[in-house]
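Visitor: I've got a structure to look over with you. Mind if I fire off some questions as we go?
Guide: Go ahead, let's put it on the screen.

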Amino acid sequence: MKSKKILLLTSILLGSYGAFAQYEEDAFRFSTAESSTSARLSGMGGQHTALGGDISSLYGNPAGLGMYSSSDFSFGLGLMNNSNKANFLGNSNTTGFFNPNINNVGVVFHSPIAKTGSLTKGLLSMNFGIGYQKTNFFRNQLNYTGETNLNGLSDYFQTVAPGSNNDELVAAAIRGGMIEMDGNGGYFNNTAATSTQYNDIDRKGGQSNFDLTLGMNFSNTFYLGFGIGIASVNYRSENVLRDETYNDVAQTDLNSTFVKSYDTRGSGLNFKVGAILKPVNAVRIGVSLESPTYYNLDDNYYESLELDDDYGTEFGDNGYPVNYDLTTPLKLNGGVAFIVGSKGLISADVSYRDYSNIKFSSDAGANTDRNVESLVRSNYKEAINYGLGGEYKITPAVAVRAGYRFIADANRALVRDYSINKFSGGIGYRFGNYYLDGALSVYDAKSDYAAYEEPANYPLAE
């Protein structure tokens, strides 16, 4: 279960800067994918680097797969409950929805190594796993409304009109009387100072990984694992902004609808390597390295403008298909786990990722690539996430779990701290060779949203 609160900023995009900013935001968005965990480990906050012996090892630290002493199959379902609160110019609006999904499904094949001598020394087993996991969820809805005198769509088109040759939206704005040339190469807008805005945002899709993982057990003391993942992206976002104002020149109401939609799809490849050391039965120390994911993505950006007044309707649209390669930053994980007799365990994790190392290369030209990577370096930084969780067995068959995870804010461009504190709990029941686990995670995530952006420091709406 996830709770979100979203803060809003209304501003205007300047010409080509808008495209650069969108690619920069998507590059960061697609770089935040996280390995899935089982319901058992989700109840403990997701800490899994050092534990092993859980289906989560298939998606996280592959060395943990070496701890399996038998084959296993796991199927994980999730239900996300989003509640978004938008605050805009004194108006508050809340939207909510349920989003059922498949978090992960995987199978582990246990393969003991036949030996004629000691069965406690050397390579004891090689376990192979195949799995599918969801690594990112984009499903989200948001809407807000308010009256502003800071800026409207007419201000936006007045700003971008100079030098915007063959731009259908600017042409529609001129034909519809929203803006007009001033005779000196510039433009002025014909609308009233204030406008009422209605904004609806709908996002869909997610990221996933198909994983092939190998884990090895050496002397029940050292575990080594390798994994390869085939990643995919499916993201769609539509933003419908309606602006209602008055045409001071024509003396008529002017209603405009500005639509922006993004459809991004593609696939990629990543690798994992990890190790777990068990110096004594009660202690496990784990490390893993997740390589960058090397994506090739197709992005189709579409925008349209429709203007209605007493005299008719004007319409314009633009489309910008782009193919680009995206390289996400690598991720380093470390963890330690303590087994407390036969009753429980405590597990702690820390992970490091530097988002300023995101790489971008497109068919839109070298200028676009340089600007996107410059924005990435300017706006994003390294992030260190950490967490602590535990499990306690009430009976040999029933266990309760709890955990906490801190997710750092990696955006250096924002004044506010948008770090996330995530709290989890869960319960599990085991009967024979079967198990049933459930988990609940709750956190509050805050973010800025820009419907369009203007070169002025307007205050963030609370």
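Visitor: Let's start with the second largest pocket: which strands each supply at least two residues of its lining, and which residues lie nearest its centre?
Guide: Keep in mind that this is a predicted model. Strand 3 (72–88), strand 16 (344–354), strand 18 (382–393), strand 19 (398–407), strand 20 (420–431) and strand 21 (434–445) each give at least two residues to the lining of the second largest pocket. The lining counts 37 residues, and those nearest the centre are Arg40, Gly53, Asp54, Lys393 and Arg430.

Visitor: How many charged residues are in that lining, and how much space lies in the second largest pocket?
Guide: Split by class, the lining of the second largest pocket has 13 nonpolar and 13 polar residues, along with eleven charged ones. As for the space in the second largest pocket, the figure is about 850 Å³.

Visitor: What about closed spaces: how many cavities of 30 Å³ or more are there, and what volume does the largest cavity have?
Guide: The structure has three cavities of 30 Å³ or more. For the largest cavity, the volume comes to about 240 Å³.

Visitor: Which residues are closest to the centre of the largest cavity, and which elements give two or more residues to its lining?
Guide: The lining of the largest cavity has 21 residues, and Ala33, Asn270, Glu290, Ser291 and Thr293 are the closest to the centre. By class, that lining has six nonpolar, ten polar and five charged residues. The elements that contribute two or more residues are helix 1 (15–31), strand 5 (123–137), strand 9 and strand 11.

Visitor: And the second largest cavity: which element gives the largest share of the lining?
Guide: This cavity holds about 50 Å³ of space. It is lined by 13 residues, with Gly152, Ser154, Asp155, Ala192 and Ser195 closest to its centre. Two elements, helix 3 (153–160) and strand 10, give two or more residues to that lining. The largest share, three residues, comes from helix 3.

Visitor: Out on the surface, which residues form the nonpolar patch, and which strands give two or more residues to it?
Guide: The patch is made of Phe109, Phe128, Phe210, Leu212, Ile228, Ile230, Leu269, Phe271 and Tyr294, and together they have about 750 Å² of accessible area. The elements giving two or more of its residues are strand 9 (195–218), strand 10 (222–247) and strand 11 (252–280).

Visitor: Leu269 and Lys260: which is buried and which is partly exposed?
Guide: Leu269 sits in strand 11, and so does Lys260. Buried means under 20% relative accessible area, and partly exposed runs from there up to 50%. Leu269 is at 33%, so it counts as partly exposed. Lys260 is at 7%, so Lys260 counts as buried.

Visitor: How far apart in space are Lys260 and Ser237, C-alpha to C-alpha?
Guide: Along the sequence, Lys260 and Ser237 are 23 residues apart. In space, their C-alpha atoms are separated by 8.1 Å.

Visitor: Which residues other than glycine have a positive phi in the loop between strand 9 and strand 10?
Guide: Most residues other than glycine have a negative phi. Ser219 lies in the loop between strand 9 and strand 10 with a positive phi near 60°, and Asn220 is in that loop too with a positive phi of about 55°. Ser219 is partly exposed at 25% relative accessible area, and Asn220 is partly exposed at 36%. So the residues you asked for are Ser219 and Asn220.

Technical notes:
Residues are numbered from 1 along each chain as its sequence is written. This is a predicted model: local features need pLDDT of at least 70, side-chain atom pairs count only at pLDDT 80 or more; totals for chains, interfaces and linings use all residues. Side-chain values use heavy atoms; hydrogens and water are left out. Patches are made of residues with over 30% relative accessible area and no salt bridge: like charges are joined within 9 Å, nonpolar side chains (Val, Leu, Ile, Met, Phe, Trp, Tyr) within 5 Å. Accessible areas come from the Shrake-Rupley method with a 1.4 Å probe; for residues, only the protein chains shown count as cover. A salt bridge is a side-chain nitrogen of Lys or Arg within 4 Å of a carboxyl oxygen of Asp or Glu. Helices (H or I, at least four residues) and strands (E, at least two) are DSSP runs, numbered from the N terminus. Buried means under 20% relative accessible area, exposed over 50%, partly exposed in between (1.4 Å probe, protein chains only). On a 1 Å grid over the protein atoms alone, a cavity is a set of points where a 1.4 Å probe fits but cannot get out, and a pocket is an open set with protein on both sides within 12 Å along at least five of seven lines; lining residues have an atom within 4 Å of a point. Grid points are joined across faces, edges and corners, and a volume is the space filled by probe spheres set on the points. Ala, Val, Leu, Ile, Met, Phe, Trp, Tyr, Cys and Pro count as nonpolar, Asp, Glu, Lys and Arg as charged, and the others, Gly among them, as polar.
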